[in-house]
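Biologist: Before accepting the labels put on this model, I would like to hear the reasoning behind each of them. Please take me through the terms one at a time.

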Amino acid sequence: MEKIASFTVDHLKLLPGVYVSRKDHIGAEVVTTFDIRMTRPNFEPVMNTAEVHTIEHLGATFLRNHKEYKDKIVYFGPMGCRTGFYLILAGDYKSEDIISLLKELFVFMRDYRDEVPGARAKDCGNYLDMNLPMANYLADRFYEEVLRHLTKERLNYQ
């Protein structure tokens, strides 16, 4: 079998950042998948499932309610390796195009202190596996270390 594109990225050189992972064509439409890499693969600990799950709930809720992007959101969810998230948008985008959206998102998650949306037994299949304080911390860390000080090497795969 051929390697899929995401397995051809050198994860030993990959830094936390915002990358276009792929662009797919569905009829005449383009769908852009972003790799929002929050931790450095194979160099630092992965995120635990509780904070990943919390970020997923907060992120999906924020994005699907965003005044400008809500109708363009196809998916927001975790990578299996727990080093980041995928954001899939309807449209043809570059990483630079969504930085303001991601800044809004990560400030929202950093500052969120209320009940996690969808964190009830009737709404979620694993509602007890949540860690809001750690999700706040990780959102702040990504905002401060990556989004506020973006460089080209954190916007394009090397």
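What follows is a discussion of the terms applied to this predicted model.

Biologist: How many helices and strands does the chain have, and in what order do they come?

Modeller: The chain has three helices and four strands. Read from the N terminus, the elements follow the pattern β-β-α-β-β-α-α.

Biologist: What is the order of the strands in the sheet?

Modeller: The order is β1-β2-β4-β3, in an open sheet with antiparallel pairing. Neighbouring strands are turned against each other by 15° on average, with direction ignored.

Biologist: Why are β1 and β3 said to stand at the edges?

Modeller: Each of them, β1 at 17-26 and β3 at 73-78, has a single partner strand, so one side of each lacks a neighbour in the sheet.

Biologist: How do you know that β3 and β4 are paired?

Modeller: Pairing requires at least two bridges between two strands. Five bridges join β3 to β4, residues 84-90, and the two run antiparallel; therefore the pair meets the requirement. Among the matched positions, I73 stands opposite L89 in β4, and P78 has F85 in β4 as its bridge partner.

Biologist: What connects β3 and β4?

Modeller: They form a hairpin with five residues between them. R82 lies in this loop and has a positive phi of about 65°, although it is not a glycine.

Biologist: Why is a positive phi worth pointing out?

Modeller: Because most residues other than glycine have a negative phi. N42 is another residue other than glycine with a positive value, near 65°. N42 sits in the loop between β2 (29-37) and α1.

Biologist: What makes N42 exposed and R82 partly exposed?

Modeller: Exposed means over 50% relative accessible area, buried means under 20%, and partly exposed is in between. N42 has 62%, which is over the upper cut-off, so N42 is exposed. R82 has 29%, which falls between the two cut-offs, so R82 is partly exposed.

Biologist: Which classes do C81 and C124 fall into?

Modeller: C81 has a relative accessible area of 38% and is therefore partly exposed. C124 has 13%, under the 20% limit, so C124 counts as buried. Of the 158 residues of the chain, 46% count as buried.

Biologist: How many disulfides does the structure hold, and what would count as one?

Modeller: A disulfide would need a pair of cysteine sulfur atoms within 2.5 Å. The structure holds zero disulfides, so no pair of cysteine sulfur atoms meets that limit.

Biologist: Where does α1 lie relative to the sheet strands?

Modeller: Helix α1, residues 49-64, lies across β3 and β4 and runs at about 165° to β3. Angles here run from 0 to 180 degrees between N-to-C directions.

Biologist: How do you know that the radius of gyration agrees with a compact globule?

Modeller: For 158 residues, the rule for a compact globule gives a radius near 15 Å, and the chain has 15 Å, so the two agree. The C-alpha atoms fill a box of roughly 40 × 40 × 35 Å along the principal axes.

Biologist: What share of the contacts joins residues 24 or more positions apart?

Modeller: Such residues account for 67% of the contacts with a separation of 6 or more.

Biologist: How much of the accessible surface belongs to carbon and sulfur atoms?

Modeller: Their share is 51% of a total of about 8800 Å².

Methods: Residues are numbered from 1 along each chain as its sequence is written. This is a predicted model: local features need pLDDT of at least 70, side-chain atom pairs count only at pLDDT 80 or more; totals for chains, interfaces and linings use all residues. Side-chain values use heavy atoms; hydrogens and water are left out. Contact means heavy atoms within 4.5 Å. Buried means under 20% relative accessible area, exposed over 50%, partly exposed in between (1.4 Å probe, protein chains only). The radius of gyration is taken over C-alpha atoms; the globule rule is 2.2 Å times the number of residues to the power 0.38. Accessible areas come from the Shrake-Rupley method with a 1.4 Å probe; for residues, only the protein chains shown count as cover.
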